[in-house]
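Work through these short exercises with the model open. Each sets a task and then solves it in steps.

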Amino acid sequence: MDQAATGRFIASQRKRNGCTQKQLAEKLGISDKTVSKWECGNGFPEVSLLLPLCNELGITVNDLLSAELVSGEDYQEKAEKNMVEMIKEREENRRLFMLTLALGGVSLFSFLLLLVVGCLPTTAIPPALRIVIIAAACVFFTVGLLAVMEGQRKIGYYRCTVCGKTFVPTFRNHVFGLNVLSKRLLKCPDCGKRVWCRKVMAKDPAGQKED
Ligand SMILES: [Zn+2]
């Protein structure tokens, strides 16, 4: 799903209904800042607000997810595509997240365990073995760190703030990219510029051909 396109669509439908951001927000029991955020493409309505929002705008959830008024002919096809796309993305993200968590957790545990064993105040462990144990601890620490970084890189996408391209950065690009909150300084594969890219959880449908 393309947050920017959805935001523009929400704004256009709100205006079509002759409604201000404030009025829409009041009807939904939320702040007008939230509505403004959606319309700027900086957020997606949470699931519990999807139906009330669509009711207020006089559109269907399918329209909202497609970021356009879907005609009768395409309706079924678009609805199924949206559904499959959402489930696929969510499952893939969850799988990656769990994998990252497991790898990170096991690595951290092993690191701490080995560190404690390596530093035990006993003469039973020869110095050479201590070095091996500490080295192994460092390996686990590195593996854990890499796993977490890989998770951060691969779960969701980054969106170029210049051309709007959604992409998963290369490992090297990601490691050396300066990170501030949800933004990271990355080289966009489409326009080739090194720009601040925003972390997004869903991919722009228009960018799927680049897979
Ligand atoms: Zn770009």
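**Exercise 1.** Find which residue takes a positive phi in the hairpin of β4 and β5.

Solution. This is a predicted model. Start with the pairing: β4 and β5 run antiparallel, joined over five bridges. K187 stands opposite R194 in β5. Now read the connection, where six residues lie between the strands. G192 takes the positive phi there, near 75°.

**Exercise 2.** Sort the side chains of β4 by face, and state which are buried.

Solution. Take residues 183-187 in order. In a regular strand the side chains alternate between the two faces of the sheet. β4 alternates too: R184 and L186 point to one face, and K183, L185 and K187 to the other. Then apply the burial cut-off of 20 or more other C-beta atoms within 10 Å. R184 and L186 are buried; K183, L185 and K187 are not.

**Exercise 3.** Trace how β3 joins β4, and find the residue with positive phi in their hairpin.

Solution. β3 covers residues 179-180 and runs antiparallel to β4, with two bridges. N179 has R184 as its bridge partner. Two residues lie between the strands, and L181 takes a positive phi near 50°.

**Exercise 4.** Which strands pair with β1?

Solution. Take β5 (residues 194-200): four bridges join this strand to β1, antiparallel. Y157 is partnered by V200. Next take β2 (residues 166-167): two bridges, again antiparallel. Here R159 is partnered by T166. The β1-β2 hairpin has five residues between the strands, and G164 takes a positive phi near 85°. Finally, check the faces of β1: Y157 and R159 point one way, Y158 and C160 the other, and all are buried.

Notes:
Residues numbered from 1 in each chain as written. Predicted model: local features only at pLDDT ≥ 70, side-chain atom pairs only at ≥ 80, totals over all residues. Buried ≥ 20, exposed ≤ 12 C-beta atoms within 10 Å, placed from the backbone. Pairing = 2+ DSSP bridges.
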